[in-house]
Amino acid sequence: MRVTVARVGQLGDGIVQAEGGTIYAPGLLPGEVAEGDLDGTTLTNLRILTPSVHRVRPPCAHARTCGGCLMQHADDGFVARWKEGIVRGALEGQGLEAPMLPSVTSPPRSRRRATLTGRKTKSGVLLGFHARGSDTVVPIPQCQLLHPDLIAGLPALESLVRLGATRTQEVQLTLTRSLDGADVQVTGGKPLDGASRMDLARLAEAQGLARLTWSGETVALRAHPRQRMGRAQVTPPPGAFLQATEEGEAALVQGVLAALGPARRVADLFAGCGTFALPLAERAEVHAVEGEAAMVQALERAARAAVGLKRVSAETRDLFRRPLEPDELAGFDAVVMDPPRAGAEAQTEVLARARVPVIAYVSCNPASFARDARVLVAAGYALDWVQMVDQFRWSAHVELVARFTFAKAGPARGM
Ligand SMILES: C[S@@+](CC[C@H](N)C(=O)[O-])C[C@H]1O[C@@H](n2cnc3c(N)ncnc32)[C@H](O)[C@@H]1O
């Protein structure tokens, strides 16, 4: 059948509006004319007859086999506009619109953390990403996403797979670049005993790993794997959340600083290890709130050791169950909020009543962001702008920072 693609859907497939309903054309771009065979609602064996001007040759040698990247066939400008469209669509769904600041996309080869899958085979080991929708593990030695330091760490991961995986059991290996070398976390591997602990410690030494954690147990700590956050240096606990690229983190911090302006007392909610709290503390007093105690401890330790920061306090607290209440928010002139994908429904309800003058909202999920934005706008906040920060280039993942300011003349609200 011959089709013309109308648009690209949220998961990266070309969408065709046919008489019988929606047809999905994987890997196609808007305006492209193609022929293919219909399998259910998906077109297969696609032959492109008229390519889009935004079509480019995928820069990665693994693009055909690896499931890691969806959009390598489109130029950067197209991908940025597509992702902005996803944000706009989510806002429109809640009856909202907002000016969009220019997107910032992290460059290729900048991911500082990746989780790979490893498995033993008859002849050796397989290490890589899963192929799209499949159990097959695809090796990715020329991956265009990962920072060269992560690529350089792949042989060490292969050695770990050799030691700790089986032919039937996959292991997940999270490799993080730090100031002190590779920080590696392995889950799903064989249970540890005395001999394997020794083997793993020797391997960490031989491969120069800063830290090696196996099923939650730190089996080697040659150096505390530090991350720079402003002028502070943090050692995150194993597996702790970290922004995916340094460039993305810098853009998000810039966005948050621009949103907050001259705020003097800031609450940083869902603070992690201090990505925003620590750079912010160079100009404002910060109270950081985070659900994971180990991350709060890492943040506090880093704040104490850093020179020249304003006062930093921190609190471990479940903000879904126990959001900061209006009386606790009263002393702050701004809030930074960077919740997980679920968003921050409970905290947003309280913020809507508390009327903190400025909110910088960082989100990795346009749907929950738009839902929370609607609550704030209904309470009299203005959504001043939204900026996309794309740390996951070539994927369907969307990340953004937005500024809300309380408009004093807004509608009355129930307390
Ligand atoms: C998207 S991360 C952002 C972390 C940090 N702002 C950063 O940029 O590195 C979300 C954070 O929210 C924390 N979190 C998840 N659920 C939470 C909850 N119910 N209460 C408080 N914090 C929570 C996670 O541990 C994680 O650190």
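Which atom of the ligand lies 2.8 Å from a polar side-chain atom of Asp318? In this predicted model, the partner of Asp318 is a nitrogen atom of the ligand. The protein covers 88% of the 590 Å² of accessible area that the ligand has on its own.

Two further polar contacts help to place the ligand. The side chain of Glu290 brings an N or O atom to 2.6 Å from an oxygen atom of the ligand. Gly291 takes part through its backbone instead, with an N or O atom lying 3.0 Å from a nitrogen atom of the ligand. In total, 18 residues surround the ligand, and the closest are Gln243, Thr275, Glu290, Asp318 and Leu319. By character, this shell divides into 9 nonpolar, 4 polar and 5 charged residues.

Among the closest residues, Gln243 offers a good place to pause. Gln243 sits in the loop between strand E16 (232-234) and helix H5 (246-260). Because its relative accessibility is 2%, Gln243 counts as buried, the cut-off being under 20%. Its side chain is joined to that of Asp338 by a polar contact of 3.4 Å. Beyond its neighbours within four places in sequence, Gln243 is in contact with Arg112, Glu249, Leu252, Thr275, Phe276, Asp338, Gln391 and Glu399. One of these partners, Thr275, is also listed among the residues closest to the ligand.

Attention now turns to strand E19, which spans residues 312-316 and includes Ala314. Where does Ala314 find its contacts, once neighbours within four places in sequence are left aside? The partners are His287, Ala288, Val296 and Glu300. Gln297 can be placed relative to Ala314 as well: the two are 17 residues apart in sequence, and their C-alpha atoms are 8.4 Å apart in space.

The last element considered here is helix H9, made up of residues 345-354. Which residues of H9 are buried? They are Gln347, Thr348, Val350, Leu351 and Ala352. An α-helix has 3.6 residues a turn, so residues three or four places apart point the same way. The cover over the buried residues of H9 comes from both helices and strands, including helix H8 (326-329) and helix H10 (366-378). Strands E17 (265-269), E20 (334-337), E21 (358-363) and E22 (381-390) are also among the covering elements. Just after H9 comes Arg355, with a positive phi near 60 degrees.

Notes:
Residues are numbered from 1 along each chain as its sequence is written. This is a predicted model: local features need pLDDT of at least 70, side-chain atom pairs count only at pLDDT 80 or more; totals for chains, interfaces and linings use all residues. Side-chain values use heavy atoms; hydrogens and water are left out. Buried means under 20% relative accessible area, exposed over 50%, partly exposed in between (1.4 Å probe, protein chains only). Helices (H or I, at least four residues) and strands (E, at least two) are DSSP runs, numbered from the N terminus. Contact means heavy atoms within 4.5 Å. A residue is near a molecule or strand if one of its heavy atoms lies within 4 Å of it. A polar contact is a pair of N or O atoms within 3.5 Å; within protein, one must be able to donate a hydrogen and the other to accept it, and residues adjacent in sequence count only if both atoms are side-chain atoms. Accessible areas come from the Shrake-Rupley method with a 1.4 Å probe; for residues, only the protein chains shown count as cover. Ala, Val, Leu, Ile, Met, Phe, Trp, Tyr, Cys and Pro count as nonpolar, Asp, Glu, Lys and Arg as charged, and the others, Gly among them, as polar.
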